[in-house]
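Open the model in your viewer and keep the selection panel at hand. We will go stop by stop.

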Amino acid sequence: SLYMSHVDPIKYGLIFERFTDPQRNEDPEIDLDFCQNGRDQVIQYARKKYGNVAQIVTFGTLKARAAIRDAGRVTDVPLPEVDRIAKMIPEGPKADLEKSLAEQADLGALYA
């Protein structure tokens, strides 16, 4: 990663803002993602070697249908069953699980 800002981005197909913005003079940061297994050891090593380590967490929200699909995937519910249940929830940004449970009798019965 050393001299990353000196790399010819066109030659290597690197189309990132830091390479294409001539006004950007800052050195690039190093961003690494690690599996949870052994993450503590990697953080300890980096802290000892470099002194500063930042851990960044991102949070997002799922729409009701996406939440049902993710829950089904994690709990190994067969995809056709998850799809059938997800389709009971109306589409759109305002759809929510509580409202869907109250309004969709079939969905409410599955939940109970």
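**First stop: a helix pair**

Select α4 and α5: the two helices pack at an angle of about 160 degrees, with their axes 9 Å apart. An angle over 145 degrees counts as roughly antiparallel, so α4 is roughly antiparallel to α5. The crossing of α4 past α5 is right-handed. Why those two numbers? Two packed helices are described by the angle between their axes and the distance between the axes.

Now show side chains at the contact. From α4, pick R65, I68, R69 and G72. From α5, pick V82, D83, I85 and A86. These residues make the contact between the two helices.

Before going on, note that this is a predicted model.

**Second stop: R69 and A71**

Stay on α4 and select R69, which is found in this helix. Is R69 buried, partly exposed or exposed? Its relative accessible area is 30%. Buried means under 20% and exposed means over 50%, so R69 is partly exposed.

Which residues does R69 touch, leaving out those up to four places away in sequence? Select V82, D83 and A86 to see them. Then draw a distance from the C-alpha of R69 to the C-alpha of I85. The viewer should give 8.7 Å, for two residues that are 16 apart in sequence.

Next, select A71, also in helix α4. A71 is partly exposed as well, with a relative accessible area of 41%. Draw a second distance, from the C-alpha of A71 to the C-alpha of V82. That separation is 8.7 Å, and the two residues are 11 apart along the chain.

**Third stop: the loop at D76**

Follow the chain out of α4 (64–74) and stop before α5 (79–86). D76 lies in the loop between them. Check its backbone: D76 has a positive phi of about 60 degrees, although it is not a glycine. Is D76 buried or exposed? With 67% relative accessibility, it is above the 50% cut-off, so D76 counts as exposed.

**Fourth stop: helix α3 and G51**

Move back along the chain and select residues 39–50, which form helix α3. The helix has 12 residues. From its first C-alpha to its last it reaches 16 Å, close to the 16 Å expected at 1.5 Å a residue.

Now step just past the end of α3. G51 sits there, with a positive phi of about 90 degrees.

**Fifth stop: S100**

Jump to helix α6, residues 97–103, and select S100 within it. How does S100 stand towards the surface, buried or exposed? Its relative accessible area is 2%. That is under the 20% cut-off, so S100 is buried.

Show what S100 touches, again leaving out residues up to four places away in sequence. I89, P90 and L107 should light up.

**Last stop: the whole chain**

Clear the selection and zoom out. Colour by secondary structure: the chain has 7 helices and 0 strands. Read along the sequence, the pattern is α-α-α-α-α-α-α.

Switch on the surface. The chain exposes about 10,000 Å², and carbon and sulfur atoms supply 53% of that area. How many of the 112 residues count as buried? The share is 12%.

Finish with contacts across the chain. Take those between residues at least 6 apart in sequence. Of these, 23% join residues at least 24 apart.

Note on methods
Residues numbered from 1 in each chain as written. Predicted model: local features only at pLDDT ≥ 70, side-chain atom pairs only at ≥ 80, totals over all residues. Heavy atoms only, no water. Helix = DSSP H or I, 4+ residues; strand = E, 2+ residues; numbered from the N terminus. Buried < 20%, exposed > 50% of the residue type's maximum accessible area, 1.4 Å probe, protein only. Contact = heavy atoms within 4.5 Å. Areas by Shrake-Rupley, 256 points an atom, 1.4 Å probe, with all protein chains shown as cover. Expected span 1.5 Å × (residues − 1). Axes fitted to C-alpha atoms, helices over the stretch in contact; angles between N-to-C directions. Parallel < 35°, antiparallel > 145°, perpendicular 65-115°, else oblique. Left-handed = near helix turned anticlockwise from the far one by under 90°.
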